[in-house]
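User: Could you walk me through this two-chain structure with a few questions and answers? I would like to see the reasoning behind each one.

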Amino acid sequence: MSGMPWDRGWDPFRELQREVGRLIGSIDPFPVGPRVAVYPPMNFYDAGDRYLLTAQLPGMTSDLIELTISGETLTLRGERKRAEGIGEECYRRQERPMGRWSRTVTLPDRVDNDQVSASFAGGILTIALPKAEAARPRHIAVSNGAGVEPNGGRGA
Amino acid sequence: MENPTIQVTVATRRPVSGASEPAPMPGERAAPTITPPIDIHEGPDGLILEADLPGATASTLRVELEGNVLTLHARIEPPLPEGARLLHEEYRLGDYQRSFILGDEVDRDRITAELTHGVLRLTLPRADRRKTRRIEIRS
């Protein structure tokens with residue numbers, strides 16, 4: 001896809017790293033959709049006064065996700081392990097990505113880095129990136145100028 | 001003595017859904033149906049099937065057994081504030097659905113399902129079929 005929808009050429013996904021464990025090729029004639037090129041897959045939304053970055057991390061818990069912010073760089077990393085005590089020979093099918101993962105996102109200077117917060121529920125990590133004051137949408141009141149009032153100019 | 005092998009076949013055909021999906025509004029993309037990735041492993045008492053269903057909740061997840069076809073379906077409500085505008089997309093939001101054909105060795109009455117941190121764990125116990133059955137010989 002060409003043309004990132006945000007301006008100033010911000011590409012938060014420029015540094016990607018994917019380290020997944022063994023991925024068994026599917027023998028299904030109708031395999032699971034296109035393989036994700038990056039892990040975890042993330043979506044990015046503009047929610048008015050803040051941006052939202054969501055990542056699909058099923059099977060993780062919040063204490064297993066390391067989220068750090070340093071300057072303009074947001075890094076998330078963790079490791080997803082298969083259940084212990086189950087030999088490889090016991091698996092009939094392994095489609096779920098496993099292993100160490102990390103992603104680095106470069107925040108635009110329009111984000112108030114001190115106010116970044118994150119929550120994790122149901123396998124979805126949601127990172128809220130509040131916009132810096134100057135970048136928030138402002139409502140500009142439109143007032144009627146004296147010269148264009150419907151009744152203007154009738155008097156005198 | 002070897003344990004009888006449980007067969008679970010990943011269905012390759014789409015199950016017939018009951019209601020037809022509403023046509024998308026002009027300019028709106030239809031919500032896709034996502035085929036979740038799964039693992040299947042053999043445990044001491046049967047098979048364990050795990051499916052990644054990030055964003056699914058227990059209240060919107062259905063696991064149905066119809067004949068020998070086990071279908072999981074999870075409706076996804078995007079937990080986003082109204083008016084949030086998508087700027088970059090690496091995963092699609094859509095309902096999860098996948099079907100499996102169970103072999104006869106699965107004890108259908110003891111199938112259990114558990115959803116934790118977006119992972120569905122289905123336990124498919126092996127039916128106890130090793131009891132010796134005496135076959136009468138008619139004379």
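Analyst: Happy to! One definition to begin with: two residues are in contact if their C-beta atoms, placed from the backbone, lie within 7 Å. Please keep in mind that this is a predicted model.

User: Then let's use that definition: which residues does Leu120(B) touch, not counting residues up to four places away in sequence?

Analyst: Leu120(B) is a good place to start, since Leu120(B) is one of the residues that touch the most other members of the largest nonpolar core, along with Leu49(B) and Leu53(B). That core has 22 residues. Leaving out positions up to four places away in sequence, the contacts of Leu120(B) are Glu50(B), Ala51(B), Leu53(B), Leu61(B), Leu72(B), Ala113(B) and Leu115(B).

User: Which elements of chain B each supply at least two residues of this core?

Analyst: In general, nonpolar side chains of soluble globular proteins tend to be buried together. Here, the elements of chain B that each give at least two residues to the core are β3, β4, β6 (69-74), β8 (95-102) and β10 (119-125).

User: How many residues are in the other core, the one with Tyr51(A) among them?

Analyst: This core lies apart from the one just described. Its members include Tyr51(A), Leu74(A), Leu76(A) and Val111(A), and its size is 18 residues.

User: Which strands stand at the edges of the five-strand open sheet?

Analyst: The order in this antiparallel sheet is β6(A)-β3(B)-β4(B)-β10(B)-β9(B). A strand at the edge has a single partner strand, so one side of it is left without a neighbour in the sheet. The edge strands are β6 of chain A and β9 (112-116) of chain B.

User: What is the bridge partner of Tyr91(A) in β3(B)?

Analyst: Strand β6 (residues 91-94) of chain A pairs with β3(B) in the antiparallel sense, over three bridges. Within this pairing, Arg93(A) stands opposite Ile40(B). For Tyr91(A), the partner is His41(B).

User: How many residues does chain B bring to the contact, and how many of them are nonpolar?

Analyst: Chain A contributes 34 residues to the contact. On the chain B side, β3 (38-43), β4 (46-52) and β7 (85-89) give two or more residues each. Nine residues of that side are polar and seven are charged. Chain B brings 30 residues, and the nonpolar count is 14.

User: Where in chain B is confidence highest among the strands named, and at what mean?

Analyst: The mean pLDDT of chain B is 81, while residues 15-21 of chain B stay under 50. Strand β1 (residues 8-10) of chain B is the lowest, at a mean of 69. The highest is β10(B), at 95.

Key. Residues are numbered from 1 along each chain as its sequence is written. Chains are lettered from A and ligands numbered from 1 in the order in which they are written. This is a predicted model: local features need pLDDT of at least 70, side-chain atom pairs count only at pLDDT 80 or more; totals for chains, interfaces and linings use all residues. Helices (H or I, at least four residues) and strands (E, at least two) are DSSP runs, numbered from the N terminus. Ala, Val, Leu, Ile, Met, Phe, Trp, Tyr, Cys and Pro count as nonpolar, Asp, Glu, Lys and Arg as charged, and the others, Gly among them, as polar. Two strands pair if DSSP finds at least two bridges between them. A nonpolar core is a set of buried Ala, Val, Leu, Ile, Met, Phe, Trp, Tyr and Cys residues joined through C-beta atoms within 7 Å. A residue is buried if 20 or more other C-beta atoms lie within 10 Å of its own, exposed if 12 or fewer, and partly exposed in between; C-beta atoms are placed from the backbone. pLDDT is the predictor's confidence in each residue, from 0 to 100.
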